[in-house]
Amino acid sequence: MGADQESTSGSAGGSAKGPTGGGPTDPSGRSRDADRRIGRRALIVGGTAAAVGSAVLARDELARLWWRIPGMERPRDDGAVDYAGATWVAASDANWRRADRPDDYRIEMVIVHVTQGSFDSAVRAFQDPGHKASSHYIVGQDGRVTQMIRELDVAYHAGNRDYNERSVGIEHAGFVDRPQDFTDAMYAASAKLTAQICTRYDIPVDRKHVIGHVEVPGTDHTDPGPHWDWDRYMKLVRRAVTSGAAEPTPSGSSEPSPGASSKPPAGA
Ligand SMILES: [Zn+2]
């Protein structure tokens with residue numbers, strides 16, 4: 001589990017100042033200011049817009065990606081999940097940060113955790129606004145999968161802001177010093193979930209991109225610990241990817257999928 005809350009400084013919308021800050025003063029100043037604002041935002045979020053003239057592209061971007069206007073949000077359905085095999089239970093919104101991944105941050109890692117507690121205690125912790133940590137998913141010893149934060153949002157699980165922004169966090173119910181907690185059903189369910197995440201975001205299935213919390217720079221956490229069988233897990237993930245078991249299935253979300261060209265450059 002992560003125990004660190006992040007600062008939310010540097011959040012999106014920093015350029016959304018009103019037209020009073022020394023902008024154009026002619027009669028059309030207001031709309032020009034708005035145009036420029038959208039153009040700048042498109043530059044930030046769209047690799048394509050950065051390569052072509054942003055003034056022209058801004059309108060296309062706007063038509064397709066209207067929720068990027070400051071104050072607008074990508075549509076979200078109550079109870080929608082990103083993984084069809086998951087059950088939705090909402091985390092407290094104090095334990096995660098709203099984002100528009102993979103457009104504002106590229107998702108390029110899966111981080112494996114162990115809860116150091118029961119499945120139910122982890123769910124309760126993430127519902128607690130005072131907990132200051134959370135992950136996107138919790139996998140139980142019986143193979144059940146609960147999603148508590150949407151993948152487009154940033155969960156506080158790695159104790160490292162940069163890693164949180166670029167990863168999906170999966171908790172596993174149990175204790176690092178109890179190998180019997182890592183059941184066949186848990187490995188199978190988690191591997192299928194990770195395989196689907198890797199498939200959807202084009203994440204390489206290797207140990208540079210599927211890592212343990214212990215491997216996050218600066219962490220003092222040791223999970224998933226020495227009893228987590230990485231060889232077995234990675235084999236299961238690879239098998240799920242190649243067998244097609246990881247193909248995304250409709251999850252009941254009606255959210256429009258962002259175009260492939262809207263990915264920001266690596267490292268954004
Ligand atoms: Zn952890």
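Isoleucine 111 has glycine 169 as its bridge partner in strand 7. I start there, at the pairing of strand 3 with strand 7, and work outwards. This is a predicted model.

Strand 3, residues 109–114, runs parallel to strand 7, and 6 bridges join the two. Isoleucine 111 also has a partner in strand 8, namely isoleucine 211. Strand 3 and strand 8 are parallel as well, joined by 3 bridges. On to strand 4, residues 137–139. Strand 4 pairs with strand 7 in the parallel sense over 3 bridges, and tyrosine 137 has isoleucine 170 of strand 7 as its bridge partner.

Now the whole sheet. It is open, has 6 strands in the order 1-5-4-7-3-8, and its pairing is mixed. Strand 1, residues 86–88, and strand 8 are the edges, each pairing on one side only. From one strand to the next, the twist averages 30°.

Back to strand 7, residues 167–172. How many of its residues are buried? The count is 6 of the 6, so strand 7 is largely enclosed by the rest of the structure. In a regular strand, side chains alternate between the two faces of the sheet. Here, Ser167, Gly169 and Glu171 point one way from strand 7, while Val168, Ile170 and His172 point the other way. Both sets are buried, and that includes Glu171 and His172.

Next, packing against the sheet. Helix 6, residues 184–201, lies across strands 3, 4, 5, 7 and 8. Its angle to strand 7 is about 175°.

That brings me to the core. Nonpolar side chains tend to be buried together in soluble globular proteins. The largest nonpolar core in this model has 47 residues, and the members touching the most others are Val110, Val139, Leu193 and Val237. Elements giving two or more residues to this core are strands 3, 4, 6 and 7, along with helices 4, 6 and 7. Which element gives the most? Helix 6 does, with 8 residues.

Take valine 237 as an example. Setting aside neighbours within four places in sequence, valine 237 is in contact with Ala191, Thr194, Ala195, Val205 and Val210.

Now some backbone details, beginning with two cis peptide bonds. One runs from arginine 101 to proline 102, with omega near 0°. Proline 102 sits in the loop between strand 2, residues 96–97, and strand 3. Another cis bond joins aspartate 223 and proline 224, where omega is about 10°. Proline 224 is in the loop from strand 8, residues 210–212, to helix 7, residues 230–242.

Then positive phi. Glutamine 116 is not glycine, yet its phi is near 60°. The residue is in the loop between strand 3 and helix 4, residues 119–127. Is glutamine 116 buried or exposed? Neither label fits: with 18 other C-beta atoms within 10 Å, glutamine 116 is partly exposed. The threshold for buried is 20 or more such atoms, and for exposed 12 or fewer.

Aspartate 202 also has phi near 60°, again a positive value in a residue other than glycine. Its place is the loop between helix 6 and strand 8. Aspartate 202 counts as exposed, because 12 other C-beta atoms lie within 10 Å.

To finish where I began: isoleucine 111 is paired with glycine 169 in strand 7 and with isoleucine 211 in strand 8.

Definitions and conventions. Residues are numbered from 1 along each chain as its sequence is written. This is a predicted model: local features need pLDDT of at least 70, side-chain atom pairs count only at pLDDT 80 or more; totals for chains, interfaces and linings use all residues. Helices (H or I, at least four residues) and strands (E, at least two) are DSSP runs, numbered from the N terminus. Two strands pair if DSSP finds at least two bridges between them. Axes are lines fitted to C-alpha atoms, for helices over the stretch in contact, and angles run from 0 to 180 degrees between N-to-C directions. Two residues are in contact if their C-beta atoms, placed from the backbone, lie within 7 Å. A nonpolar core is a set of buried Ala, Val, Leu, Ile, Met, Phe, Trp, Tyr and Cys residues joined through C-beta atoms within 7 Å.
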